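Colleague: I've just opened this one and would like a guided tour. Mind if I fire questions at you as we go?

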Amino acid sequence: MSEHPSTMDPDLAQATPASMNLLDLSGRPDSDMESGANARLAWGSRSDVGLLREHNEDSFLVRPPLFAVCDGMGGHAAGEVASSIAVHTLAEQAPERADSALLGAAVEAANMAVIEGPAHGRGREGMGCTATACVVEGDKMAVAHVGDSRLYLLHKGTLVRVTHDHSFVEELVDAGEITADEARVHPSRSVITRALGSDPDMYADHFTLDVERGERIILCSDGLSSMVTDSDIEDVAVSTTSPQSCADALVSAALVAGGHDNVTVVVVDILNDGTEAEAKRKRRRAIIAWIVAAICAVALLAGGVWAYLGNCWYLTASDGHVAIMRGLDDSFLTMPLSEKVVDTDVSLDDLPETVQHQLEDGIAMGSEQEAHETVESYRVQIERSKQDAAQTANDVRESVPDQAQNAAKPTETTQGGAQ
Ligand code: MG
């Protein structure tokens, strides 16, 4: 959950306000940090014992998308045990999604774990801790909170405190009896009105916020907020580049201010809130929808054309015979728009020349039945023509003897007249 100290972020010196003196935290005892990044978030953290305390009773949790700070109370290292139990319970039970109800339930489970700790040989009776946790998922952040640790959100250069302290001085501020600056130095500033470790019925504040790319989340123990004003926290948050440089600068500022308490800071930058990816998905879905619509339109058009061609009929000349065709006597991109349905036995030579010419150009038919009837009429016409020709030939043959006989009779009459 934490790592050993490392050297200060190289951009820290340039990024921190010139008015703020910085300490080199790399050599600090009992000062832990952890940083990292993924595609959506970048984070940094620092926890320091401070300048007056012997032990660091704060614990922090960096397990993206879950982040938490717990400030232990109880003395004699029991507070450290309480905060350690709390972050381990959160690590086990916090949701992976930005579900504030489940995150609040995880904080309440941590409360029970702290209460039951002494019975299991961990810590002492009366130990307790605060808990401020968040889960960042896309453009949502779930927050659960108990005590006076805080969660801030830096939005477009303005620092907004998201959590409400469960402390005596916060109640005085709410009542208008003291100011926020007076609360920071009030003698009762460490009196907590709600914490983990005492009340089994304790409930955690929990809610969900919208967040967006470019925003910075800061979780801290009161070792920061009691030593550094919100205005100075904002200055550091605005002027530092990386989350780790911000966490180091804030801890450094708390130490420069006196370091009266343990100080823990976790900083999370939102690199990608998912809205761009969602916009891409929407554009991709729109393109796919257009392609599908275009394919459907082409398919419908092709189906309509096919259905139309299926109802077109015509007669044509094919290899010296009459053929019945379906479709149009034309082509599209070298693809014929018709097919031969029947190759009839009606010979073109048996038809009148005018009909032959018409067939060579194609004769449109209203239906398949009309095409068959027309072909049948050709057969009848041909048969009738053949019969007429045969009758004519027969008449000619019969007429030839009569003519010969008639031609011989005048000769006989002439001869008889001469006798
Ligand atoms: Mg504290």
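Colleague: Let's start with a proline: where is the place of Pro65?
Modeller: Helices (H or I, at least four residues) and strands (E, at least two) are DSSP runs, numbered from the N terminus. With those labels, Pro65 falls in the loop between β4 (58–63) and β5.

Colleague: Before we go further, what kind of model is this?
Modeller: Residues are numbered from 1 along each chain as its sequence is written, and side-chain values use heavy atoms, with hydrogens and water left out. Local features need pLDDT of at least 70, side-chain atom pairs count only at pLDDT 80 or more, and totals for chains, interfaces and linings use all residues: it's a predicted model.

Colleague: Back to the proline pair, then: is the peptide bond from Pro64 to Pro65 cis or trans?
Modeller: Most peptide bonds are trans. Here, omega is near 10°, and the bond from Pro64 to Pro65 is cis.

Colleague: How many strands does the chain have?
Modeller: There are 419 residues in the chain, and buried ones (under 20% relative accessible area, against over 50% for exposed and in between for partly exposed, with a 1.4 Å probe and protein chains only) make up 42%. Next to 11 helices, the strand count is 17.

Colleague: Of the contacts between residues at least 6 apart in sequence, what share joins residues at least 24 apart?
Modeller: A contact here means heavy atoms within 4.5 Å. Of the contacts that clear the 6-residue separation, the share joining residues at least 24 apart is 66%.

Colleague: On to the metal: which residues are the protein donors of the magnesium ion?
Modeller: Donors are N, O and S atoms within 2.8 Å of the metal (3.2 Å for Na, K and Ca); water is not among the atoms, so sites may look incomplete. Along the chain, the donors follow the spacing D-x150-D-x38-D. At 2.0 to 2.2 Å from the ion, through OD atoms, they are Asp71, Asp222 and Asp261.

Colleague: How many residues apart are Asp71 and Asp261?
Modeller: Both Asp71 and Asp261 are buried. Asp71 belongs to strand β5 (residues 66–73), while Asp261 is in the loop between α8 (243–256) and β13 (263–270). The pair links distant parts of the chain, with a separation of 190 residues.

Colleague: How do α7 and α8 run relative to each other?
Modeller: Axes are lines fitted to C-alpha atoms, for helices over the stretch in contact, and angles run from 0 to 180 degrees between N-to-C directions. The axes of α7 (residues 230–239) and α8 come within 9 Å and cross at roughly 150°. Angles under 35 degrees count as roughly parallel, over 145 as roughly antiparallel, 65 to 115 as roughly perpendicular and the rest as oblique. So α7 and α8 are roughly antiparallel.

Colleague: By class, how many nonpolar residues does the contact of α7 with α8 have?
Modeller: Ile233, Val236 and Ala237 of α7 meet Cys246, Ala249 and Leu250 of α8. Ala, Val, Leu, Ile, Met, Phe, Trp, Tyr, Cys and Pro count as nonpolar, Asp, Glu, Lys and Arg as charged, and the others, Gly among them, as polar. With no polar and no charged residues in that contact, the nonpolar count is six.

Colleague: And how are α2 and α3 oriented to each other?
Modeller: The axes of α2 (residues 78–93) and α3 (residues 100–116) come within 8 Å and cross at roughly 140°. Among the residues in touch are Ile85 and Leu90 of α2, and Val107 and Val114 of α3. The contact holds 10 nonpolar, two polar and no charged residues. By the angle, α2 and α3 are therefore oblique.

Colleague: Where is Lys156 found?
Modeller: Most residues other than glycine have a negative phi. Lys156 isn't a glycine, yet has a positive phi of about 50°. Lys156 is exposed, with a relative accessible area of 70%, and is in the loop between β9 (150–155) and β10 (158–161).

Colleague: Why does Thr334 count as exposed?
Modeller: Thr334 lies in the loop between β15 (321–332) and β16 (335–347), with a positive phi of about 65°. Thr334 counts as exposed because its relative accessibility is 77%.

Colleague: Last one: is Gln356 buried or exposed?
Modeller: Gln356 sits in helix α10 (residues 353–361). Beyond its neighbours within four places in sequence, Gln356 is in contact with Leu348, Asp349 and Leu351. At a relative accessible area of 16%, Gln356 is buried.
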